[in-house]
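Reader: I am new to this structure and would like a close look at a single part of it, the aromatic residues and the nonpolar surroundings they belong to. Could you take me through that part slowly, in one connected account?

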Amino acid sequence: MGLLRQYSSTIHGNYKKASLTYGLLMGIIMFLILLFRYLIYYPMTSPISMVDEIALLVLMFLATILYKNGLKDKKITLKEAYLLSFLSAIVCIVVYGIFMYIYAVGIDHDLQKRCIENLRNIPEYKKYTDIQMKEMTRISSIVMQSVFTNVVMSVLWALVVGVILRNEKSEVVNKNKLK
């Protein structure tokens, strides 16, 4: 008896095309959320926020539900749901990162100052000078930290989405068929 079972799963739709489409829409929606926060005087104060993480998770759920409802039999495996939500999230994060850079450079000129103030509240960062803090909180660093964190979180969120929304189980491959 082997330690790992091998599974065979069927991909029911074109998840690559759907990932690109949904990812672009998700990235634009994430940017609109960022702009809305700025307009209601609740701008970002750090590269990582719960608003972004919750919005990303909800958008991943919505993209996977829309994709699943568009399938002929409305059946989706864990693998297909995971791949769709993860790839959509990656496209979303890249688009959002580009828009976030434009936002930080062209719209919200105080983002770096708020990030520095936020870091100043952490005891480990009080020893740094203003020049060192400005170097650590460059706009490109803020955007890259946000992108990296969202990519890591999307790995986990995609698994959550896939587990919750799957409605077809993969078949265990018989060892005799492998030989």
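Author: A contact here means that heavy atoms lie within 4.5 Å. The model is a predicted one, and in it Tyr-22 touches Ala-63, Leu-66, Tyr-67, Leu-84 and Ser-88, leaving aside residues up to four places away in sequence. Tyr-22 also belongs to the largest nonpolar core, which has 36 residues, and within that core Tyr-22, Met-26, Met-30, Leu-34, Leu-56, Met-60 and Tyr-67 are the residues that touch the most other members. The elements that contribute two or more residues to this core are α1, α2 (50-70), α3, α4 (111-120) and α6, and among these α3 gives the most, with ten residues.

From the core we can turn to the aromatic rings. A pair of aromatic rings is described by the distance of the centres and the angle of the planes. The count comes to three aromatic pairs, and one of them is formed by Tyr-38 and Tyr-103, whose rings are edge-to-face, with 5.8 Å from centre to centre and 90° between the planes. This pair links distant parts of the chain, since Tyr-38 lies in helix α1 (residues 15-39) and Tyr-103 in helix α3 (residues 78-107), 65 residues apart. The two partners can also be described by their accessibility: Tyr-38 has a relative accessible area of 30% and is partly exposed, whereas Tyr-103, with a relative accessible area of 0%, is buried, because buried means under 20%.

Another of the pairs is formed by Tyr-82 and Phe-86, which are stacked, with 5.8 Å from centre to centre and 5° between the planes. Planes under 30 degrees apart count as stacked, so the angle of 5° places this pair in that class. Tyr-82 and Phe-86 are four residues apart in helix α3, and therefore about one helical turn separates them. Tyr-82 is partly exposed, with a relative accessible area of 22%.

It remains to look at the nonpolar residues on the surface. Leu-78, Leu-159, Val-160, Val-163 and Ile-164 make a nonpolar surface patch of about 390 Å², and the largest share of this patch, four residues, comes from helix α6 (residues 139-165). Val-160, which is one of the patch residues, lies in helix α6 and counts as partly exposed, at 33% relative accessibility. Helix α6 thus appears in both settings, as an element that gives two or more residues to the core and as the source of the largest share of the patch.

Note on methods: Residues numbered from 1 in each chain as written. Predicted model: local features only at pLDDT ≥ 70, side-chain atom pairs only at ≥ 80, totals over all residues. Heavy atoms only, no water. Phe/Tyr/Trp six-rings, centres within 6.5 Å; stacked < 30°, edge-to-face > 60°. Buried < 20%, exposed > 50% of the residue type's maximum accessible area, 1.4 Å probe, protein only. Patch = residues over 30% accessible without salt bridge, like charges linked within 9 Å, V, L, I, M, F, W, Y side chains within 5 Å. Areas by Shrake-Rupley, 256 points an atom, 1.4 Å probe, with all protein chains shown as cover. Salt bridge = Lys/Arg side-chain N within 4 Å of Asp/Glu carboxyl O. Core = buried A, V, L, I, M, F, W, Y, C linked by side-chain atoms within 4.5 Å.
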